[in-house]
Amino acid sequence: MKVITDTRTAFARELGPELRQPAGLLFTMMLPFLFLALFAPLLTDMGAGGGTGTGSPWQWFVPGMLVLLGLSATAGAGASLLNEMSSGAFERMLVTPLNRASMLVGRALKEVVVLLAQAVLILVLLLPTDFRLHPLGALAGLALLTVFGVGIGALSFTLALHSRKQQTLFYGVQQVIFFPLLLLSGVLLPITEASAPAWLYVLSRINPVTYVVEAERTLFDGRFAEAGVLYGIVAAAAIAVLGVVAGIRGMRNATV
């Protein structure tokens, strides 16, 4: 019970400042508008299934865009922790009676709440288009996105904890890992055995984010009983477990 209370306290502490000063939050919420404004004209002329030959191009593109938002937003979450370390706010939190695992989970959940708000906004904006919204599939897709976002956010915090003495290391490692994960996942362009070089296709199949993207596309299309959904759930769960375990260990080992 104390862990749940501490998690709620940590979550409220992280989200509170943004609600009191919403300018940064509003700017973040503009990202969906930016994506839609830049990509809508391209998708209109692309044809069925984003070039894959099946269904509306939005049906293929939107789930991938949500994963892109989730990866970009939560992967940079550790930057806020670095700022707190520089100002001394993090050290003040360490001496409070809050459970350190709850501090990590509460921070990750705050990033996910913003991500889910962006995702819902995108879906609402697409209702007038030919994008077909399957409510149960969308809910399942958002749940999967939550698990994935918690994992990536926790890994970002873990990297920040290990980079506190050399903060440039955080940004270097983040970018080196972020772009390959993004580009190899097939978010923006389909990577198939027929269309991609063999080495690129193999790398995409090694990338766990690929399976999350494929599962999101399947779920948002209203299909549940497919192997790709199971693979995506396993990949997202593995990322979440790895991130939370590593993050909790890092928080517990952090010193004032």
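This passage walks through helix α11, the nonpolar cores and the salt bridges of a predicted model.

Helix α11 makes a handy starting point. It runs over residues 208–220, and a quick check on its length works out: at 1.5 Å a residue, its 13 residues should span 18 Å, and the C-alpha atoms at its ends are 19 Å apart, which agrees. At the N-terminal end, the helix is capped by Asn 207, which places a side-chain oxygen 3.1 Å from the backbone nitrogen of Val 209. Just past the helix, Gly 222 takes a positive phi of about 85 degrees.

Not much of α11 is left uncovered, with 10 of its 13 residues buried. Among the buried ones are Val 209, Val 212, Val 213 and Leu 219, but Glu 216 and Arg 217 are on the list too. Plenty of neighbours help with the covering, including α4 (57–75), α7 (100–125), α8 (135–162), α9 (167–183), α10 (198–206) and α12 (227–253).

Next come the nonpolar cores. The largest has 38 residues, and Val 62 and Phe 148 have the most contacts inside it. Two or more residues each come from α3 (31–46), α4, α7, α8, α9, α11 and α12. Of these, α4 gives the largest share, 11 residues. Phe 148 shows how such contacts bring together parts of the chain: leaving aside residues up to four places away in sequence, Phe 148 touches Val 67, Leu 71, Val 209, Val 212, Ala 236 and Ile 239. Two of those partners, Val 209 and Val 212, turn up among the buried residues of α11 as well. A second core, separate from the largest one, has 21 residues, including Ala 77, Leu 81, Leu 94 and Met 103.

Charged side chains get their turn last. Side chains of opposite charge can pair when their charged atoms come close. The structure holds 5 salt bridges. One of them joins Lys 110 and Glu 111, with N and O 3.3 Å apart, and both of these residues are buried.

Arg 223 has two partners to look at. With Asp 221, the closest N and O atoms are 3.1 Å apart; with Glu 226, the N to O distance is 2.6 Å. Arg 132 joins in as well, so that Arg 132, Asp 221, Arg 223 and Glu 226 are linked in a network of salt bridges. Arg 223 counts as partly exposed because its relative accessibility is 32%. Asp 221, at 21%, also counts as partly exposed, and Glu 226 is partly exposed with a relative accessible area of 33%.

Notes
Residues are numbered from 1 along each chain as its sequence is written. This is a predicted model: local features need pLDDT of at least 70, side-chain atom pairs count only at pLDDT 80 or more; totals for chains, interfaces and linings use all residues. Side-chain values use heavy atoms; hydrogens and water are left out. Helices (H or I, at least four residues) and strands (E, at least two) are DSSP runs, numbered from the N terminus. The expected span of a helix is 1.5 Å times one less than its number of residues. Buried means under 20% relative accessible area, exposed over 50%, partly exposed in between (1.4 Å probe, protein chains only). Contact means heavy atoms within 4.5 Å. A polar contact is a pair of N or O atoms within 3.5 Å; within protein, one must be able to donate a hydrogen and the other to accept it, and residues adjacent in sequence count only if both atoms are side-chain atoms. A nonpolar core is a set of buried Ala, Val, Leu, Ile, Met, Phe, Trp, Tyr and Cys residues joined through side-chain atoms within 4.5 Å. A salt bridge is a side-chain nitrogen of Lys or Arg within 4 Å of a carboxyl oxygen of Asp or Glu.
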